[in-house]
Amino acid sequence: MPLSGSGTASDGWSSRTAFVLAAIGSAVGLGNLVRFPAEAGESGGGAFVLFYIGCVLLIGLPVLLSETLIGRHGQASAPESFRRVAEQSGSSPRWEWVAGLAVLSCFLILGFYCVIGGWVLHYIWLFLEDLFATGISGTAFQGVPASEVEGLFPAMIGNGMLTVSLNLVFLLITFAFVMRGISGGIEKAAVWLMPAFFVLLIGITIYGAFGGAFSRTLDYLFVFEPEKLTGPVMLAALGQAFFSLSLGVAGMITYGAYVGRNVNLGGTSLVIASADTCVAIIAGLCIFPIVFAAGLAPNGGLGLMFQTLPHAFQEMPAGSLIGLAFFIMVGFAALTSSVALMEVPTAWVIEKFALARPLGAGIVLVGGVVLGTLSALSTGALAGFHPLGFIGLFEGQGVLDTLDTLTSRLTMPVAALLTVIFIGWIADRRLVDSENGLTGVLHMTFMLLVRWLCPLALLAILVVGLFPGLLGG
Ligand code: PHE
């Protein structure tokens, strides 16, 4: 059954594979390629990675399944799906507000994610120019001092005209897919870009492994030092697992709404979560050998991708070409995520106001441009504008950081927490059982996790996220 009011009466994924690729496309993004490697390296190597995998399997996976089953049962936008499941379970239609909050989160994330996507576009351009100058086998940025290469990043983010335009371009590319609907647009992005992404990721990883620093990378990422696994590190891993799996933002409810009855949601969720986790780990195995082979120390956060790596490509044979391939790969991953981020509010707008899809997506686009412009300027002209700076948690943060903190610390965990409480305790058991495709021990485990472990873990993320002082982090 289609989304009512979508204007594309027979729209939906054309196959299970298309759905799986689109869901993996939504999950695999900047979170896997930028945040996971940086956090894994800094926060304890093997102990962090193992704990992260545990978080994905025991907490992320049940939430992922809960979200998809609400969407598949509701067959509508996230709030409407939530309302339908609530009403059929004899509870209040107000549960739709949980999904409403998640849709809002998605929109807020769209408001900064495409800014970073735009930065990636700029680096694709820089490496393309460089490739024309140096040729296929040359190292990147020949003759340019390393400090200047690293300085490209502050120069870019400080240039408001540039970042605002880049954000606009990235949003427009995203819009071009979303306005064409599920089978005609969103699915096309996934089916073409995700396989290309995987080929690039594996190819660059193999090439980088020959640079001589692979075993050092294995030590860095996998040496097991349990004492590094402190409270703040564990919560960072849990939060990262949620962001990476795109949970708490109604993304999986929305994508689940276009899934046919014949798809086994339990098994499919496992495939999606495993693929996302494998990509995060392979991203570490791709990035660090390049950095170490150049004799560099990995710095954390965004600097790893936008400063350390371009510098490292200066030392790498064919660095110009590999650098270009690398940023194209990141761009593909970011684009399939931003498509999901735009689709969630779009599905709601077209249903709520009975609009044609291009118009609904256009409204979300305009909102994204407004929010994104403010975010894009927050690393330059508007750096001194701290919209929620009067609240401790947001002190000193510009629009981009404020949106990130607001969603990851507050709105995403709240929505995910209420979703698992709903599925674990409120929703009709037969409805949940008939949708999730689980039997026997797996079914019992799912119920146990969704009722107890998931709510407790999410509560912990929420409390510590809002009051970081509690764990001394
Ligand atoms: N999971 C994506 C990433 O890792 C981000 C994202 C969050 C995408 C929420 C869609 C919805 O980058």
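On a 1 Å grid over the protein atoms alone, a cavity is a set of points where a 1.4 Å probe fits but cannot get out. A molecule sits in a cavity if more than half of its atoms lie within 2 Å of its grid points. By that test, the ligand sits in the largest cavity.

This is a predicted model: local features need pLDDT of at least 70, side-chain atom pairs count only at pLDDT 80 or more, and totals for chains, interfaces and linings use all residues. Residues are numbered from 1 along each chain as its sequence is written, and side-chain values use heavy atoms, with hydrogens and water left out.

**The ligand site**

The ligand is surrounded by 13 residues. A residue is near a molecule if one of its heavy atoms lies within 4 Å of it. A27, L30, G31, Y113 and F243 are the closest.

Four helices each supply at least two residues of this shell: helix 1 (16-27), helix 2 (30-42), helix 10 (231-244) and helix 14 (319-352). Helices here are DSSP runs (H or I, at least four residues), numbered from the N terminus. Helix 2 gives the largest share, three residues.

What classes of residue make up the shell around the ligand? Six are nonpolar, seven are polar and none is charged. In this scheme Ala, Val, Leu, Ile, Met, Phe, Trp, Tyr, Cys and Pro count as nonpolar, Asp, Glu, Lys and Arg as charged, and the others, Gly among them, as polar.

The table lists distances between ligand atoms and polar protein atoms.

| Ligand atom | Protein partner | Distance |
|---|---|---|
| Oxygen | G31, polar backbone atom | 2.9 Å |
| Oxygen | N32, N or O atom in the side chain | 3.2 Å |
| Nitrogen | S244, polar backbone atom | 3.1 Å |

The protein covers 99% of the 330 Å² of accessible area that the ligand has on its own. Accessible areas come from the Shrake-Rupley method with a 1.4 Å probe; for residues, only the protein chains shown count as cover.

**Positive phi in two loops**

Most residues other than glycine have a negative phi. F141 is not a glycine, yet its phi is positive, about 45°. F141 is placed in the loop between helix 5 (96-134) and helix 6 (146-157). Is F141 buried or exposed? With 10% relative accessibility, F141 counts as buried. Buried means under 20% relative accessible area, exposed over 50%, and partly exposed in between (1.4 Å probe, protein chains only).

A318 also has a positive phi, about 60°, without being a glycine. The loop between helix 13 (301-313) and helix 14 holds A318. A318 is buried because its relative accessible area is 14%.

**Side-chain contacts and separations**

H443 belongs to helix 18 (residues 440-466). H443 counts as buried because its relative accessibility is 19%. Its side chain makes a polar contact with the side chain of D433, at 2.8 Å. A polar contact is a pair of N or O atoms within 3.5 Å; within protein, one must be able to donate a hydrogen and the other to accept it, and residues adjacent in sequence count only if both atoms are side-chain atoms.

S14 lies in the segment before helix 1. S14 is exposed because its relative accessible area is 55%. The side chain of S14 still has a polar contact with the side chain of E187, at 2.4 Å. S14 and L229 are 215 residues apart in sequence and 43 Å apart in space, C-alpha to C-alpha.

G368 is part of helix 15 (residues 357-377). G368 is buried, with a relative accessible area of 1%. G368 and N167 are 201 residues apart in sequence, but 9.2 Å apart in space, C-alpha to C-alpha.

Conventions:
On a 1 Å grid over the protein atoms alone, a cavity is a set of points where a 1.4 Å probe fits but cannot get out, and a pocket is an open set with protein on both sides within 12 Å along at least five of seven lines; lining residues have an atom within 4 Å of a point.
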